[in-house]
Amino acid sequence: MTKTVFFGTLAAAAMLAGVASAQATLEAVKARGELNCGSSTGLTGFGMPDANGVWTGFDVDLCRAVAAAVLGDPSKVKFVPLTGETRFTALAAGEVDLLSRNSTWTFSRDTELAFDFVAVNYYDGQGFMVKKELGVSSAKELDGATVCVQTGTTTELNLADFFKQNNISYTAVNVADDTEATRQYLAGACDTYTTDASGLAASRATFPDAENHVILPEIISKEPLGPVVRHGDNNWGDIVRWTFNALLVAEEKGVTKANIEEVATSSVDEEVKRLLGVSGEMGAKIGLDNDAFKRAIAAGGNYGELFAANIGEGTSINLARGLNALYTQGGLQYAAPFR
């Protein structure tokens with residue numbers, strides 16, 4: 001099936017789902033008593049089940065925050081593992097209420113597929129990983145290389161652009177997800193693996209000989225990653241967007257999982273009081289109660305806490321905040337005000 005036909009079919013499915021469910025996602029989630037969250041098939045630090053089947057990760061924790069806001073309980077989430085190829089069809093068909101699994105915000109996905117990217121929870125860019133023994137120090141030295149790349153992703157298109165622009169050639173080794181990519185890469189089926197730089201770091205963290213693998217210096221794209229909802233249900237989009245914003249504002253204002261109860265009773269900051277439901281009607285404006293965002297923060301902590309616990313420096317992935325620092329610290333994370 002050509003990509004044009006695929007996009008046309010998916011766009012039609014999205015439109016039908018939008019008509020059927022416009023303004024109804026909140027009611028459906030409440031009636032079900034559970035949030036259906038589209039997640040990765042397994043990406044360390046971002047979203048994967050542990051040995052006991054308990055899902056953990058940076059993207060996973062956003063779903064738990066939404067569940068806490070909407071249902072009053074962060075555990076009321078059903079995680080649905082989705083590949084790069086299946087994630088958007090599942091969302092369009094209503095199989096999941098929210099997609100939170102390293103998905104890039106692009107023009108075509110926003111328009112042709114009739115989705116809404118309601119926030120950017122991780123600013124990223126595409127990179128390449130190679131074994132040290134290959135002796136390569138730059139992606140521009142990969143002429144003739146075999147490249148493991150996930151199908152159904154912007155990664156494929158960026159890869160083609162980069163090699164064309166640099167007048168070098170490659171042979172794609174198509175894979176379905178990160179698990180297959182790393183398996184093929186480690187088995188020697190490809191010379192290099194390309195995906196978002198955060199994904200490369202996450203995969204490398206699982207290798208028994210991580211020190212023998214190098215992420216090359218070139219970042220060849222912009223990859224604004226974030227949660228996605230169906231177009232047409234604006235209220236549900238607002239709920240997910242403002243739950244994420246609440247986590248950012250909480251970090252900016254110093255509200256943490258540990259001090260949230262104390263802050264709620266003692267703060268004289270008017271925005272904090274609105275955020276935590278002490279004053280104003282923030283939750284009520286979008287069909288929730290006024291403690292909704294307080295519960296979202298209490299579920300796992302503010303944005304910085306979620307970053308540090310899952311993917312930050314000191315974890316196996318060891319990612320610096322970089323562009324994902326708050327704007328007050330030189331980064332791009334900036335929440336609209338709670339007013």
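**Pockets, cavities and a one-sided helix**

I would like to begin with the second largest pocket, which holds about 190 Å³ of space, and I should say at once that what we are looking at is a predicted model. The residues that line this pocket are Tyr122, Tyr123, Asp124, Gly125, Ala197, Ser198, Leu319, Ala320, Arg321, Gly322, Leu323 and Asn324. If you sort that lining by class, you find six nonpolar, four polar and two charged residues. Two elements, β7 (122-124) and α8 (197-204), each contribute at least two residues to the lining, and the largest share, three residues, is that of β7.

Let me stay for a moment with one of these lining residues, Leu323, which sits in the segment after α13. Is Leu323 buried, exposed or partly exposed? Its relative accessibility is 47%, and because the partly exposed class runs between 20% and 50%, Leu323 counts as partly exposed. Leaving aside residues up to four places away in sequence, Leu323 touches Tyr123, Gly331, Leu332 and Gln333. For Gln333, which is 10 residues away in sequence, the C-alpha to C-alpha distance from Leu323 is 7.5 Å.

From the pocket I turn to enclosed space, where the structure holds two cavities of 30 Å³ or more. The largest cavity has a volume of about 110 Å³, and its lining is made up of Arg87, Arg101, Asn102, Thr104, Arg109, Gln150, Thr153, Thr154, Thr155, Thr195, Asp196 and Glu223. Two or more of these residues come from α6, and likewise from β11. What classes of residue make up this lining? There are seven polar and five charged residues, and no nonpolar ones.

The second largest cavity, with about 50 Å³ of space, is lined by Phe58, Leu62, Asn121, Phe244, Leu247, Tyr303 and Leu306. Here the class count is six nonpolar and one polar, with no charged residue. The helices α3 (58-71), α9 (234-253) and α13 (303-310) each give at least two residues to this lining.

Since α6 came up at the largest cavity, I would like to look at this helix in its own right. Helix α6 spans residues 154-165, and its 12 residues reach 17 Å from the first C-alpha to the last, which is close to the 16 Å expected at 1.5 Å a residue. Which residues of α6 are buried? They are Thr154, Thr155, Asn158, Leu159, Phe162 and Phe163. These buried residues lie on the same side of α6, because they cover an arc of only 155° around the axis. The general background is that an α-helix has 3.6 residues a turn, so residues three or four places apart point the same way. As for what the buried residues of α6 pack against, the partners are α5 (107-111), β8 (126-131), β9 (145-150), β10 (170-175), β11 (192-196) and β13 (223-225). After the helix comes Asn167, which has a positive phi, near 55°.

I will finish with a single residue in a strand, Asn36, which is found in β1 (residues 35-39). Its relative accessibility is 10%, and so, with the cut-off for burial set at under 20%, Asn36 counts as buried. Again not counting residues up to four places away in sequence, Asn36 touches Lys78, Glu95, Val96, Asp97 and Leu98.

Methods: Residues numbered from 1 in each chain as written. Predicted model: local features only at pLDDT ≥ 70, side-chain atom pairs only at ≥ 80, totals over all residues. Heavy atoms only, no water. Helix = DSSP H or I, 4+ residues; strand = E, 2+ residues; numbered from the N terminus. Buried < 20%, exposed > 50% of the residue type's maximum accessible area, 1.4 Å probe, protein only. Contact = heavy atoms within 4.5 Å. Expected span 1.5 Å × (residues − 1). Arc of directions from axis to C-beta. 1 Å grid on protein atoms, 1.4 Å probe; cavity = no way out; pocket = protein on both sides within 12 Å on 5 of 7 lines; lining within 4 Å. Points joined across faces, edges and corners; volume = space filled by probe spheres on them. Nonpolar A, V, L, I, M, F, W, Y, C, P; charged D, E, K, R; others polar.
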